[in-house]
Structures are given as structure tokens and as C-alpha cells.
Amino acid sequence: MKVEGKCVVFMRNSHELHTNDNKALYEQLRSQMSGMGVELFLIGYQNSWTPPLRYDFRFADCVNAVRHDTYTTVNKYHNERTTFFQKMCWQVWKYHQETFAANGIEYIPTIAPSNNPKINSSGSNNWVVEKDAEWFSANCNVARNVAGEHKLILVDSFNDWNRETQLEPANSYGEDYLSILKQEFKIN
């Protein structure tokens, strides 16, 4: 994938990149790749439900954009987050978008069609987000409304049947979730 002709690179756990000078590290990375004819569009990462400026020293003048993990990972005791999920995401993502933009960084919301942490950990205290077409459409709509300059939105889904975030067709829901993505993000 390319943005502005630059190759997109996801910097997983970049919020935990321990160096004395993040800016110099990223400049060296860009320089070495540029020397090979590859320009980079770097996307940093931090945990979901963390404030945008917690790791600003790791991102400012370093990455082009920042994303969080999907916000569908929610402790079931955070009733306000589960009850008002789309409203909470809209407010939080909008705040992230504005705060990161003030630092010259694009914010990229990350969505998921569902999430079931109990598949891997039956005792999990996290909220189970069941497959629900209307809920996923609403989540797509919120993400689209806060997408940044390049209109990027990430979907945490790739064939992850272990957390039930998959979009791939299944006997139980057919191609519903792929159709929702196509409908919500189609380009005319």
C-alpha cells in the first residue's frame, strides 16, 4: 500500500521503542530506505484507550501517522464504554485526531466487526462484542467521520477467528461483513 507514493509501514509497539533519540532513529531508517529508492509513510502504534500525548516524544517528528489497537477491547466493568461505544469512540477519536494534528501527525482510527476475548481466555473480563451488522455499520460510520487527511481507516480483522474479528465469509453470516465494508467505504 502506498500513500502519496510512499510505502506504508506499520511500526508495531513503536510506543515502546526505547532509544535516546527517536527522531534520529527514524531519520536513519528513512535515509537508508530512501537510499534504496523507497520512501516511507510510517504509522506508529499505541495501546487502545491511551491518551494521544502519552507517547508524543516517541512520535513527534518521527512518524506520519499513529493508530491505536481496536477499541473493541474493553473491560466489561467500563459500562460507559460498552453502553455508549460509538459515541465514546467518536469523542475519543476526534480528540486524538485534533491532538495529533496539532503535532503534525495524522490519526488513523482502527475498527473491528466484533471481538470475543473469551475464545482464547474463558475467564477474560473484557467485553464480548458479538457479530452485529448494524453495530459494525455504525462503527464504520464513526471511523469515517474522524478519518484524517488521507482518509485511512484500519480494520483489525485479518482472518482472526481466535478473537472472532474476522470479516471473511462464514456459514453463519455469509458475506455480510465484507458487504458492509464495501458499502461503508466504497469510492464513487
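In this predicted model, helix α4 makes a handy starting point: it has 18 residues, which at 1.5 Å a residue should span 26 Å, and its end C-alpha atoms do turn out to be 26 Å apart, so the two values agree. A good part of α4 is tucked away from the surface, with Phe85, Gln86, Cys89, Trp93, His96, Gln97, Thr99 and Phe100 buried. In general, an α-helix has 3.6 residues a turn, so residues three or four places apart point the same way. After α4 comes Gly104, with a positive phi near 75°.

Next comes the inside of the protein. The largest nonpolar core is made up of 35 residues, and the ones with the most contacts inside it are Phe59, Val63, Tyr71, Phe85, Trp93, Ile111 and Phe136. At least two residues of this core come from each of β3 (40-46), α4 (85-102), α5 and α6 (176-185). It is α5 that gives the largest share, with 6 residues. Set apart from this core is another one of 8 residues, including Val3, Val8, Ala65 and Leu154.

Val63 is worth a look too. Leaving aside residues up to four places away in sequence, Val63 touches Tyr26, Arg30, Leu42, Gly44 and Ile105.

Finally, there is Ser124, which sits in the loop between β6 (110-111) and α5 (133-146). Ser124 has a relative accessibility of 10%, and because buried means under 20%, Ser124 counts as buried. Once residues up to four places away in sequence are set aside, Ser124 touches Pro117 and Lys118.

Terms used:
Residues numbered from 1 in each chain as written. Predicted model: local features only at pLDDT ≥ 70, side-chain atom pairs only at ≥ 80, totals over all residues. Heavy atoms only, no water. Helix = DSSP H or I, 4+ residues; strand = E, 2+ residues; numbered from the N terminus. Buried < 20%, exposed > 50% of the residue type's maximum accessible area, 1.4 Å probe, protein only. Contact = heavy atoms within 4.5 Å. Core = buried A, V, L, I, M, F, W, Y, C linked by side-chain atoms within 4.5 Å. Expected span 1.5 Å × (residues − 1).
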